[in-house]
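The exercises below ask you to work through charged side-chain pairs, one step at a time. Keep the sequence and the 3D view open as you read each task and its solution.

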Amino acid sequence: MNIQFTAKTFTSVAALIADHAAVRRRLLGRPQRKAVQPPAQTNVETDPMVTVRRRLPPVKLHFHDAHVKAFRRWQMIAASGPCTEHILKRCQEERMSFELVVGPCRKRKIAHFRQKLMWEIKMSVKPSASWHEIGRLFGGRDHTTALHGVRAHQARVDSGEA
């Protein structure tokens with residue numbers, strides 16, 4: 001295979017910049033759209049696909065999210081048992097969203113409530129729970145986050161803030 005290259009010569013800097021821009025557009029730019037042909041005319045009364053399409057009900061996707069959240073909540077309860085049930089019960093008592101408590105939110109009110117729940121689980125619900133297990137209960141957090149949460153809430157309890 002014999003490939004030959006030839007160097008481009010430019011008469012000005014503007015010509016060099018314009019050539020560079022053209023190469024970048026060609027290599028990295030959006031592909032040019034081809035003209036789309038309009039669909040062929042169909043007879044609505046005789047075309048079976050058109051009549052079938054008309055009979056289908058509209059798809060409602062907003063129910064899918066709640067279904068998935070409920071399934072994931074059920075999976076967590078089945079996997080960890082009383083700890084997740086305790087978290088769900090306390091979230092309902094405090095009128096906080098379960099997804100907010102186990103999610104990535106770092107607002108002080110939610111973080112303190114999350115630390116309180118970690119402390120409750122470690123002290124009364126399941127004292128034998130490892131730090132890794134407590135971290136996983138709260139959205140896959142690290143074991144040091146669970147350890148810090150329990151210690152921070154214990155410090156608030158000792159000082160009389162909580």
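**Exercise 1: a pair at the start of the chain**

In this predicted model, the side chains of D19 and K8 form a salt bridge, with 3.2 Å between N and O. Work out which parts of the chain this pair ties together, and decide whether each partner is buried, partly exposed or exposed.

Solution. Begin with the location of each partner: D19 belongs to helix 1, which spans residues 13-28, whereas K8 sits in the segment before helix 1, so the salt bridge ties together parts that are eleven residues apart in sequence. Next, take the accessibility of each residue in turn. D19 has a relative accessibility of 24% and therefore counts as partly exposed, while K8, at 53%, counts as exposed, the cut-off for that class being over 50%.

**Exercise 2: the surroundings of R90**

Locate R90 among the helices, decide whether R90 is buried or exposed, and list which residues R90 contacts beyond its neighbours within four places in sequence.

Solution. The first step places R90 in helix 4, which covers residues 82-94. The second step uses the relative accessible area of R90, which is 11%; because buried means under 20%, this residue falls in the buried class. The third step sets aside the neighbours within four places in sequence, and the contacts of R90 that are then listed are F113, K116, L117 and E120.

**Exercise 3: salt bridges within helix 4**

Find which salt bridges R90 forms with E93 and with E94, and state how the partners are spaced along the helix.

Solution. Take E93 to begin with: the closest N and O atoms of E93 and R90 are 2.8 Å apart, and both residues lie in helix 4 with a spacing of three residues, about one turn of the helix. Then take E94, whose side chain meets that of R90 in a salt bridge with an N to O distance of 3.9 Å; this value still qualifies because the cut-off is within 4 Å. R90 and E94 are four residues apart in helix 4, again about one turn. As for accessibility, E93 is partly exposed at 45%, and E94 is likewise partly exposed at 39%, whereas R90 is buried at 11%.

**Exercise 4: from pairs to a network**

How many salt bridges does a search of the whole structure find, and which residues are linked with R90 in a network?

Solution. The search of the whole structure gives five salt bridges. The network of salt bridges links R90 with E93, E94 and E120, and E120 is also one of the residues in contact with R90 in Exercise 2.

Definitions and conventions: Residues numbered from 1 in each chain as written. Predicted model: local features only at pLDDT ≥ 70, side-chain atom pairs only at ≥ 80, totals over all residues. Heavy atoms only, no water. Helix = DSSP H or I, 4+ residues; strand = E, 2+ residues; numbered from the N terminus. Buried < 20%, exposed > 50% of the residue type's maximum accessible area, 1.4 Å probe, protein only. Contact = heavy atoms within 4.5 Å.
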